[in-house]
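User: Could you take a close look at the sheet for me, and at what packs on it? One connected walk-through would be great.

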Amino acid sequence: MTFLWQWLGDPANWVGPDGIWVRIGEHLVYSAITLVLAAALAIPLGLWVGHTGKARRLVVNVANGARALPTLGLLFLAVLVAGPLLPGDLAFAVPAILVLVILAIPPILAGAYAGVEAVDRQAVDAARGMGMVGHQVLLNVELPCALPLMLGGLRSAALQVIATATLAASVSLGGLGRFLIDGQAYRDYGQMAGGAVLVAALAMVVDVVFVGFQRLVVSPGLTSSVVTRRGLREHLSTN
Amino acid sequence: MIRFTDVTKTYPNGTQAINGLSLTAPTGRITVLVGPSGCGKTTSLRMINRMIEPSTGTVQIDGRDVAELGAAQLRRGIGYVIQSGGLFPHRTVADNIATVPRLLGWSRQQIASRTAELMERVGLDHHLARRYPNQLSGGQQQRVGVARALAADPPVMLMDEPFSAVDPIVREQLQDEFLRLQSELGKTIVFVTHDIDEAIKLADQVAVMRVGGTVAQFDTPAGLLRHPADAFVADFVGRDRGFRALGFDSGITIRTTPEPTIEVGASLEQARAVAGSAAWLLVVDSDQHPLGWLEMAELSGAVQDADLRLGGTLAVQGGSLRAALDAALSAPSKRGVVVDVDGQLVGTVSAQQVLAEAERLPR
C-alpha cells in the first residue's frame with residue numbers, strides 16, 4: 001500500500017500536462033459528452049415509450065440486448081471501422097464516445113420509460129379528465145413524477161460511464177485510464193493502484209453530485225422522507 | 001341537462017359495456033348511477049367528458065352533442081373527481097387546485113384568491129396549502145379533489161366513487177358536506193357509486209344499472225325503496241327497505257306528549273317531585289336542550305352529569321319518521337325526544353305513535 005500513498009502523495013504527479021488534474025478533467029469531459037449524447041437520445045425515446053406504450057417490447061429488448069455487448073471488443077471494432085474515416089484525434093475520440101454512449105443508453109432509457117410507466121394512473125387520468133392535452137400531461141404530470149426513476153437511470157449510467165471511460169486510454173486517448181495502462185507498462189504499481197483509486201473516488205463524487213441534484217429538482221411530494229422530516233422538525237420544535 | 005340517447009358501447013373483443021342507455025340528468029340535480037361492478041356505470045360517466053366515446057348513440061349537454069365539442073375544451077368545463085382523488089403527487093395542495101384555472105390562463109392573482117376561497121369552502125385549513133398530497137389524510141385528499149374539480153366553477157360535475165377510499169366515519173362526513181355544498185352551488189352532478197346506501201342518501205334521482213349496461217330502474221330514492229321495478233332492483237336495494245323508506249317521510253308534524261324536565265344540580269327531592277311515579281326523567285340545560293335521561297331508582301343525591309344515560313337519539317319535529325322512530329327505540333325511557341330546529345325540547349313520542357303516523361301514509 002505504501003507505493004500507492006507515495007504516488008498519490010507526490011505533488012509532481014498532480015500537475016503538468018499529463019498530471020492527475022488534467023487526466024481527471026479529460027475523464028470528466030469524455031464522460032459528460034457521453035452522458036449528454038446518451039440522454040439526448042434515450043430520454044425522449046423513453047418518455048415516448050412510457051407515454052404512448054408503443055414499441056415497448058422492441059425498445060426493452062434492444063436496450064437489454066445492448067447491455068450484453070462487450071464494451072472493449074466494441075471499442076476496437078469501432079476504432080478499426082470508423083477510425084480510418086476520421087481525421088487526427090477524432091479517429092479515436094469518436095469511436096470511444098460512441099461505444100460509451102451505447103453503454104449508457106440502456107439504463108437511461110429504462111429509467112425514463114419505467115419512470116413514466118410508474119406514474120399513478122389515477123393522476124394521469126385526472127390530468128386528461130381536466131382537459132390537459134397529450135404534451136401537457138407529459139410535461140406537467142408524467143415527466144415531473146418520473147424524475148426520481150429517470151435520474152436514477154442517469155445516475156447509474158454516469159457511474160458505468162466513468163468506470164468504463166478508463167478504456168478510452170487503451171486507444172491512446174487520455175483520462176484516468178492512462179495511469180492504469182502506463183502503470184502496467186512500466187510495472188509502476190503505485191501508479192496503477194492510484195489510477196484505480198482515483199476512478200473510484202471520481203465515481204463517488206459524481207454520485208454525490210447527482211444525489212444533490214436529485215434533491216434539488218425532484219418535488220418533495222414524491223419523496224416519502226418529506227413526511228418524516230417535517231414530522232421530526234415539528235416534534236423537535238414542540239419539545 | 002345531460003342526456004344519453006340510445007347509447008351503446010361495444011369493445012373490439014365483443015364485450016357489450018353499455019346497451020341502449022337513455023337517461024336524463026337534470027340541471028342542478030344529483031343523478032347517481034349505481035350498480036354492481038361491470039354494469040357500465042363508470043363507462044357511462046366517462047362518456048360525458050369524452051374519456052370514452054360511445055359506439056352508437058349520443059350524449060348531449062344542454063342540447064349540444066359532446067362529440068361535436070373539442071375534448072380538451074369540453075373537459076375544462078366539467079369538474080372531474082375520481083376515486084382516491086387522483087391528485088398530482090408532485091404538486092402542493094394549492095397547485096393541485098389551480099390546475100384548470102392555469103390551463104384556462106387565469107391571472108396569478110385570480111388563481112390565488114380562488115384557491116383560498118375553495119379551500120375554505122371544502123373545509124381545508126389554509127395552512128395545508130403548501131402541503132403535498134402524501135402529507136394529507138384520505139379525507140383531506142378527497143376534499144382537495146373536490147376543490148380542484150370546482151376550481152373553474154364548472155356547471156357540470158362528474159364524480160366517480162369519490163368517497164369510497166375513506167373510512168366510514170370520514171365518508172359520512174364528506175357526504176354530509178357534499179350535500180351542504182351542493183345546496184349552495186346547485187351543480188348538475190352525475191355521481192357513480194357501487195354503494196346503494198350512498199346512492200339513496202345523496203341522489204335526487206338514482207339509475208340502478210345491471211351488468212351488460214342497461215338501466216334496471218330510474219327513480220327517486222324513495223321510489224326505489226317503495227316500488228323496486230324487479231327482483232334485481234329489490235335485491236340490490238337490499239333489506240330494511242320499508243324501514244329505510246321511512247327516511248323519506250318527512251315534513252310530518254307528529255303529535256308529541258309534553259315531558260316534565262329537570263336541570264343538572266337539582267336536589268333529589270326536587271327530581272322526585274317532578275318525576276312523580278315515572279321511572280325516567282329527562283334532563284335539559286337552561287335553554288331547554290335535552291341532555292340525557294335520569295333513572296329515578298338509581299338517583300341517590302343531587303342530579304349530576306354522571307347520572308345521565310346518553311345514547312338516545314334526537315328527532316327534529318318535521319324531520320323524517322325514521323328519525324322519530326329511531327329516537328323512540330333508542331331512548332332508555334322508550335319515549336323518543338323530539339326537538340325543534342333550534343334543538344329545544346318539543347316533547348316526546350312513543351314508537352307506537354310514530355308507527356300510527358306511518359300507517360296513515362300511502363305506500
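Analyst: Let's start with the vocabulary: two strands count as paired if DSSP finds at least two bridges between them, while the strands themselves (E, at least two residues) and the helices (H or I, at least four) are DSSP runs numbered from the N terminus. A word on the source: this is a predicted model, where local features need pLDDT of at least 70, side-chain atom pairs count only at pLDDT 80 or more, and totals for chains, interfaces and linings use all residues. Residues are numbered from 1 along each chain as its sequence is written, and chains are lettered from A and ligands numbered from 1 in the order in which they are written.

Now the sheet. In chain B, six strands make an open sheet with mixed pairing, ordered β6-β7-β8-β3-β9-β10. The edges belong to β6 (78-82) and β10 (214-219) of chain B; each has a single partner strand, so one side of each lacks a neighbour in the sheet. From one strand to the next, the twist averages 15° (axes are lines fitted to C-alpha atoms, for helices over the stretch in contact, with angles from 0 to 180 degrees between N-to-C directions).

Zoom in on β3 (residues 30-34) of chain B: four bridges tie this strand to β9 (residues 205-210) of chain B, and the two run parallel. Here Val34(B) sits opposite Val208(B) of β9(B).

What packs on the sheet? Helix α1 (residues 41-48) of chain B does, touching β3, β7 (156-160), β8 (188-193) and β9 of chain B, with its direction at about 155° to that of β8(B). Contact here is two residues whose C-beta atoms, placed from the backbone, lie within 7 Å. Helix α6 (residues 138-150) of chain B lies across β6 and β7 of chain B, at about 165° to β6(B).
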